[in-house]
Amino acid sequence: MAKRPLAFGCLALILLLYLACLLSPRKCEDDYGNPSSEVTLTGKIYKKERVRQPGGQVLVLYLKNLSTDEPALKKLVCYLKAGQNEPGIGSLVTLSGKLKPFEKATNPGQFDTYSFYQISGISYRLNQAIILEQSIEYDHMKEGLYRFRCFLSQILSENLPEKESALIKTMLLGEKGDLERDLKAFYQRNGIAHILAISGLHVSMLGLGLYRLLRKFAVPMKAAAVLAAFALVLYGIMTGFSVSAIRAILMFALHMLAVVTERTYDLLTALAVAAVLLLLEQPLYFYHSGFVFSFGCVLGIALVMPSLTERRKPVSNPMYGKIEAAILSAPGMAVITLPIYLWFYYQFPPYSILLNLLVIPLMSYLMGAGLLVLLLGVLCKPIAAPFAYLISGVFRIYETVCGYSENLPAHLLNLGKPEVWQSVLYLVALLLVVLLRKKVSLLVRWLIMVAAVLILILRPEGSLELTFLDVGQGDCIYINSGNGSRFLIDGGSSSVNSVGEYRLIPFLKYQGTNCLKAVFVTHPDEDHCNGVKELLDEGMLHGIHVDCLILPDIGEESREDAYHELELAAERAAVPVQYISAGQQLRAGKLTMTCLHPEKGYVTGESNEYSTVLDVSYGNFHALLTGDLEGEGERRLFSDIYETGEGIGDYRYTVLKVAHHGSAYSTSEEFLRQISPYYAVISCGAGNRYGHPHEDTLERLSRAGVRVLRTDELGAIEIKVKGEEVRVAGYKRK
């Protein structure tokens, strides 16, 4: 503590700020007016960028100092309608458009767009915005830097192929408008997306490179330090000041301050000061993945890495020691980043340990070549060509090795989000390794970390879990049998775009699901199966294997085009298709799933009527999952199973999944009397155009004394069964 008083003082302040964050509930602003109301607002532009959307690039303006007394409207992000004149940064603009709040997460694992923008003080977006008025005055420095970035971006576009140009623009300029989403996802899946963020490596190369260049031209040391720091601040403004860039620039500025004041630069002190400056401005950065990754990695490299790569006593051959440290640095970095990966992304790409041994050393050549293309692209374009070829070659190497990686088994491990106690124990193990650096052997330190990794990824089984996901207007049910077998029943939505990508697959990652033993589709309506189609197409890329797809075993004349499309989707994904009918069972440990409907070869012209109905039994817990069953299908189920006394029906159901999202034409009073459920789960979208759940259905459930649980009100509904205990919780109320 005596050696680093400022660092320890900052650490104490960081802990106080974190405690304040934990004890202070995060505010959730009320909606301003109608969720999609037309408004006219005036504000000052403080940032702008171009983003890629399905229809092409869109100009996005960030506004502050808004002309409204509404406390929820402090800042605003505006997506301009095509064809608008581009205003300058710092100008005052009046815009009209549709005001919408950002979406809040309603399922475990779902990205919380609202919380992400709340960190920047933004709670709303203005869509299809039209500029009505704009001032002549603007901030000449910021607008000049923005235009300079556009100029540099154009140089890269002229000298490089489209894909390579988009990547190097992201790396050097923070320009993400040309980067395709699939390409970014490819880098993320392989654990090398960090090269696309402006971070410490960029700042070190540019800042220290400029400082040394100035010194070579005989610029005095202190003047060179000030000029280099000032240039890096301008670079940060030009590239948008991401969290990692702010951290790196602050630390570089402190490095240059040490040069000016002729003091010794201490990395840990600089890191602590940078963290305090950011957290004082916005304590919610504690919940920001970029903040945690950036600061966590630097802290790990500075503090933990020596304890994982250096022996207690130097070896007799210094070269052997260097080779050993280099080899251990890759798994050492993986150990440092593992808890961060799992906390925010729920999965870990194991081959990234080896990939980064190749990727990171080539980064310096890549950035150097990019800078030379920018310089020579202005002075003499033909001379820039060899460096453009070098950039294309390096990216081709990256993509080739990543492509091989994705074809290897277990290229992505979905380990799930760890519990808080697991993360705390892991951090304690890291601290223990640091403290024991000079006291125990390198082998013992690594054994401690291996034990810590096992604790972090441990997922105790032994109880049944049912989760009714909030997929808007649709159905999706996840079942964990308690013995390692996982199942999915339906997965689709008519109100949420790309429901598989944004809700279903993230949830499966959060749960640590690497394999689904079976995916049931009760019937092929889009609101039950479009997310399943996405899962079949993309699941393996995300490390999720589907053992089989199970469809209702109906008559051939009832199998419409949508039914066959599901079969074809499974065939493309090399997933076998099985068919189920009344009386068939599937068992997994204590869990039994029995099909009650339809009978084999059932014929009907309505897909809802042949919906697969499953009885889920686990000890004394029973759930009835009815898909969209209604009309003749419900009457047949009632007569075939209950009135005849055949099969199941001699116990009270704990949970009923209300058929067809609470339609008026399902869940009759007679049906409710027979099954007598404690809970009724209704999966429906908020404000849906069908009027689900219908008032008549809700009244019938109320008269039957059933407690109603709705996904549009509670978000995902989680039911856990352990012994005789049944716990029910809505995700929104946690």
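So, leaving aside its neighbours within four places in sequence, which residues is Phe 241 in contact with? Keep in mind that what we have here is a predicted model. The answer is Val 233, Gly 236, Ile 246 and Ile 249. Phe 241 itself is found in the loop between helix 7, residues 221-239, and helix 8, residues 243-261. With a relative accessible area of 32%, Phe 241 comes out as partly exposed. There's also Gly 174, 67 residues away along the chain, and its C-alpha atom is separated from that of Phe 241 by 8.8 Å.

Okay, on to helix 8 and what it packs against. Two packed helices get described by the angle between their axes and the distance between those axes. For helix 8 and helix 9, which covers residues 267-281, the axes come within 9 Å and cross at roughly 130°. That angle isn't over 145, the cut-off for roughly antiparallel, and helix 8 and helix 9 are therefore oblique to each other. The crossing is right-handed. If you want to look at the side chains, helix 8 brings Ile 246, Arg 247, Leu 250, Met 251 and Leu 254. Across from them, helix 9 offers a set including Leu 267, Ala 270, Leu 271 and Val 273. And yes, Ile 246 is the residue we just had in contact with Phe 241.

Next stop, Ser 307. Is Ser 307 buried or exposed? Its relative accessibility is 0%, so Ser 307 counts as buried. You'll find Ser 307 in helix 10, residues 289-309. Not counting residues up to four places away in sequence, Ser 307 touches Val 433, Val 434, Arg 437, Leu 442 and Arg 445.

Last topic, the sheet. Eight strands form an open, mixed sheet, and the order reads 15-14-12-10-9-8-23-24. Strand 15 and strand 24 stand at the edges with a single partner strand each, so one side of each has no neighbour in the sheet. On average, neighbouring strands are turned by 20° against each other, ignoring direction.

Let's take the strand 24 edge. Strand 23, residues 717-722, runs antiparallel to strand 24, and six bridges join them. One to click on: Ile 717 has Gly 730 as its bridge partner in strand 24.

At the other edge, strand 14, residues 549-552, and strand 15, residues 577-580, pair in the parallel sense over four bridges. There, Leu 549 has Val 577 as its bridge partner. Strand 14, helix 18 and strand 15 make a right-handed β-α-β unit, with helix 18 spanning residues 561-572. Helix 18 packs on the sheet, touching both strand 14 and strand 15, and its direction makes about 165° with that of strand 14.

Methods: Residues are numbered from 1 along each chain as its sequence is written. This is a predicted model: local features need pLDDT of at least 70, side-chain atom pairs count only at pLDDT 80 or more; totals for chains, interfaces and linings use all residues. Side-chain values use heavy atoms; hydrogens and water are left out. Two strands pair if DSSP finds at least two bridges between them. Helices (H or I, at least four residues) and strands (E, at least two) are DSSP runs, numbered from the N terminus. A crossover is right-handed if, with the strands pointing away from the viewer, the path from the first strand over the helix to the second runs clockwise. Buried means under 20% relative accessible area, exposed over 50%, partly exposed in between (1.4 Å probe, protein chains only). Contact means heavy atoms within 4.5 Å. Axes are lines fitted to C-alpha atoms, for helices over the stretch in contact, and angles run from 0 to 180 degrees between N-to-C directions. Angles under 35 degrees count as roughly parallel, over 145 as roughly antiparallel, 65 to 115 as roughly perpendicular and the rest as oblique. A crossing is left-handed if the near helix is turned anticlockwise from the far one by less than a right angle, and right-handed if clockwise.
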